[in-house]
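Here is a friendly tour of a protein model, put together for someone who likes to think in atoms and contacts. Have the viewer open as you read, and follow along topic by topic.

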Amino acid sequence: MVTDLERAYKALKNKQSIYTKLWQYYDGIQPLRYSTDRLRDIFKDIDARFTQNWCEVVVDVILERINIKQIQITGDEPASKLLNDWWFNTEMNLDADDVHLCALVTGESFAMVWPDADGNLDGYYNDSRLVHLFYDQANPKLVNFGAKWYQHDDGGVRLTLYYPERLEYYAADAQLKNISSANAFQPMPLDEADPNSYIAENPLQRVPIFHWRRERRAVKSELGAGVLDTQDAINKLISDMMVAAEFGAFKQRWIISQADIGALKNSPGEIWDLPAGDGLGQGTMVGEFGQVDLDTFMGQIQELANSIAKMKRLPQHYFHLGARADPSGETLIAMESPLVKRVNKYIQRFQATWGDLAAFVADFQKIDISVAGPYVIFEDPRIAQPKTTAETRKTNVEAGIPLRTQLRREGWTPRELAEMDADKQTDQAAAQQSMAVAMLNAQRQFYTNGSDNAPA
C-alpha cells in the first residue's frame with residue numbers, strides 16, 4: 001500500500017522539472033533548439049544566445065488585469081476594516097500578485113496561513129514546486145491532506161504533511177536534487193526524548209493551504225506546448241538573423257586581376273587604378289556579392305509572434321513589431337473583448353479561493369460573517385475609456401437607471417459609494433452656506449446704497 005509520504009514525494013518530485021522549465025521560459029531563459037543534429041554540430045561553437053521573449057507577454061497581458069481592490073463584508077464596515085488591516089499588515093496584498101503569476105505560469109499556485117510566534121495569523125505565498133494538495137476522490141472539493149517541502153539551512157530537506165487534525169514532520173539528510181525516493185525521509189521528532197513527537201496537533205483544525213488553479217479539469221499552464229514551440233522557432237530565426245547580419249549583411253567585393261591588389265584600399269572617395277588584361281587569359285573584372293535580406297527574417301518572426309496571439313486569442317496589437325496606427329477607443333474595446341472575458345473567468349475562479357481564505361481569517365479573528373460573508377473585490381479588467389464611460393453612464397441615468405445602480409455595475413465598492421454620498425452631502429452643505437453668504441452680502445450692499453427700505 002502506498003503511504004501518504006510516498007504520494008507526497010512523488011507529486012512534489014514530478015513538478016520540479018516541468019514547472020522549472022515553465023518559469024525559465026517566462027523569465028526568458030530559453031534554450032536554442034535546432035531542427036537537426038547536424039545543424040547543432042555546425043553552430044555548437046556559437047556562444048551568443050538571442051531571444052525575443054513572448055512568453056512573458058502572454059502571461060503579463062492577463063496578469064496586469066487581475067488586481068484585488070479590497071475585502072468587503074457587506075453592511076459591516078468595522079469587520080471589513082479588520083480584514084483589510086490583516087490583508088495589508090501581512091503583505092498578502094503583495095503576495096497576491098505572486099499567487100496570480102504562479103497560477104498563470106505553472107497552472108496552479110498556493111498560499112499558506114499559520115500562527116506566528118505571537119499567535120497572530122500570518123499568510124504568505126508558496127511556490128507551486130514546493131506544495132501540493134490531495135483531494136478526496138468522491139468529493140474533489142474536499143481536501144484530504146497537503147504536503148510541503150523545502151531546502152533547510154542545514155543542507156537537508158524538510159517535508160511536512162498537513163491534515164485537518166494533525167501535522168507530520170519528516171526530514172532527509174540530502175539536497176533536494178539528490179533525493180531519489182521517499183525512503184530518504186525519516187520522521188523528525190520535535191522532542192528528542194519522544195520518538196512519536198514527529199506527529200503534532202493541528203491548532204487550526206484544517207489544512208492551512210489554499211489552492212488556486214487556472215482550470216479545474218487539469219493543471220494547465222498559460223504557456224502551452226504550442227506557445228513554447230513557437231517561442232523556440234522565433235529564437236532560432238533571431239539567432240539565424242544575427243549570424244546572417246554578422247557574415248552576410250554587408251556586400252562582399254571581389255576582383256579578378258593579374259596585377260598586385262595588395263595596395264588597394266576600400267574607403268570613401270578612393271579610386272582603384274587597375275590595369276587591363278593581357279588579352280590572352282581572363283580579363284580584369286570587379287564585382288560584388290549581394291547581401292542577405294534581413295527583412296525576410298523579420299517578416300517571419302512577426303508571423304510567428306502573430307500566431308502566438310491567435311492561438312492564445314490575445315489582441316494582436318500586443319504582438320506587432322512594426323509601426324502601426326493606434327486603434328480608437330471603441331475599436332480597442334472591441335479588440336480586447338475576448339481577453340476581458342477570459343480574465344473575468346480567471347477572476348471568478350481565483351475569487352472563490354480568496355473568499356475561502358478571507359472567511360478562514362475572519363473565523364480565526366472572531367469576526368462575525370454569518371450574515372454576509374467576505375467578498376473579495378477585484379478591479380474591473382476592462383480598459384477605462386473616460387469619455388465612453390461618462391457617455392454610457394449619462395445615457396443610462398437619463399434612461400431611468402439610478403446613479404448608484406450604474407456605479408455598482410461599473411465596479412464601485414460599497415465603501416466608495418458611501419464616500420461619494422458623504423462627499424455629496426459635504427458639497428451640498430458648502431454650496432448652501434456659500435449661497436447664504438452671497439445673499440447676505442447682496443442684502444448688505446443693497447442697504448448700503450441708500451435703499452429707503454433699510455431696516456431701522
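The notes below go from the overall picture to strands, salt bridges, cores and two single residues.

This is a predicted model. Its secondary structure comes to twelve helices and 13 strands, and 36% of the 456 residues are buried.

**Overall picture**

- The accessible surface of the protein comes to about 27,000 Å², and carbon and sulfur atoms account for 52% of that area.
- If you take contacts between residues at least 6 apart in sequence, 67% of them join residues at least 24 apart.
- Salt bridges number 18 in the structure, and a few of them are described further down.

**Strand β7 and its partners**

- Strand β7 covers residues 166–172, and six of its seven residues are buried, so the strand is largely enclosed by the rest of the structure.
- Strand β6 (residues 157–162) runs antiparallel to β7, with six bridges joining the two.
- The link from β6 to β7 is a hairpin of three residues.
- To find the register of β6 and β7 in your viewer, look for R158, whose bridge partner in β7 is A171.
- Strand β9 (residues 199–201) is also antiparallel to β7, and three bridges join them.
- Within that pairing, E168 stands opposite I199 of β9.
- Strand β8 (residues 186–187) pairs with β7 as well, again in the antiparallel sense, over two bridges.
- Here Y170 has P187 in β8 as its bridge partner.

**Salt bridges**

- R129 and D127 form a salt bridge through their side chains, with an N to O distance of 2.9 Å.
- Both partners, R129 and D127, are buried.
- Another salt bridge brings together the side chains of R206 and D356, at 3.6 Å from N to O.
- This pair links distant parts of the chain, since R206 sits in the loop between β9 and β10 (209–213) while D356 belongs to helix α9 (residues 337–364), 150 residues apart.
- R206 counts as partly exposed, with a relative accessibility of 22%, and D356 is likewise partly exposed, at 36%.
- In the salt bridge between E222 and R342, the closest N and O atoms are 2.0 Å apart.
- E222 lies in the loop between β10 and α6 (225–247) and R342 in helix α9, so their salt bridge ties together parts that are 120 residues apart in sequence.
- Both E222 and R342 are buried.
- These two residues also belong to a network of salt bridges that links R214, E222, K312 and R342.

**Nonpolar cores**

- In soluble globular proteins, nonpolar side chains tend to be buried together.
- The largest nonpolar core has 63 residues, and the members that touch the most others are L223, W354 and L357.
- Helix α9 gives the most to this core, contributing eleven residues.
- Setting aside residues up to four places away in sequence, L223 touches L22, Y26, C55, V58, V59, L104 and L228.
- Another core lies apart from this one and has 20 residues, including F145, L161, A172 and Y198.

**H132 up close**

- H132 is part of strand β4, which spans residues 131–135.
- Is H132 buried or exposed? Its relative accessible area is 18%, so H132 counts as buried, the cut-off for buried being under 20%.
- A polar contact of 3.1 Å connects the side chain of H132 with the side chain of K15.
- Beyond its neighbours within four places in sequence, H132 is in contact with A11, L12, K15, F110, G146 and A147.

**N306 up close**

- N306 is found in helix α7, residues 294–311.
- With 10% relative accessibility, N306 counts as buried.
- Which residues does N306 contact, leaving aside its neighbours within four places in sequence? They are Q316 and F319.
- N306 and Q316 are ten residues apart along the chain, and their C-alpha atoms are separated by 6.4 Å.

Key
Residues numbered from 1 in each chain as written. Predicted model: local features only at pLDDT ≥ 70, side-chain atom pairs only at ≥ 80, totals over all residues. Heavy atoms only, no water. Buried < 20%, exposed > 50% of the residue type's maximum accessible area, 1.4 Å probe, protein only. Helix = DSSP H or I, 4+ residues; strand = E, 2+ residues; numbered from the N terminus. Pairing = 2+ DSSP bridges. Contact = heavy atoms within 4.5 Å. Areas by Shrake-Rupley, 256 points an atom, 1.4 Å probe, with all protein chains shown as cover. Salt bridge = Lys/Arg side-chain N within 4 Å of Asp/Glu carboxyl O. Core = buried A, V, L, I, M, F, W, Y, C linked by side-chain atoms within 4.5 Å. Polar contact = N/O pair within 3.5 Å; in protein donor to acceptor, adjacent residues only side chain to side chain.
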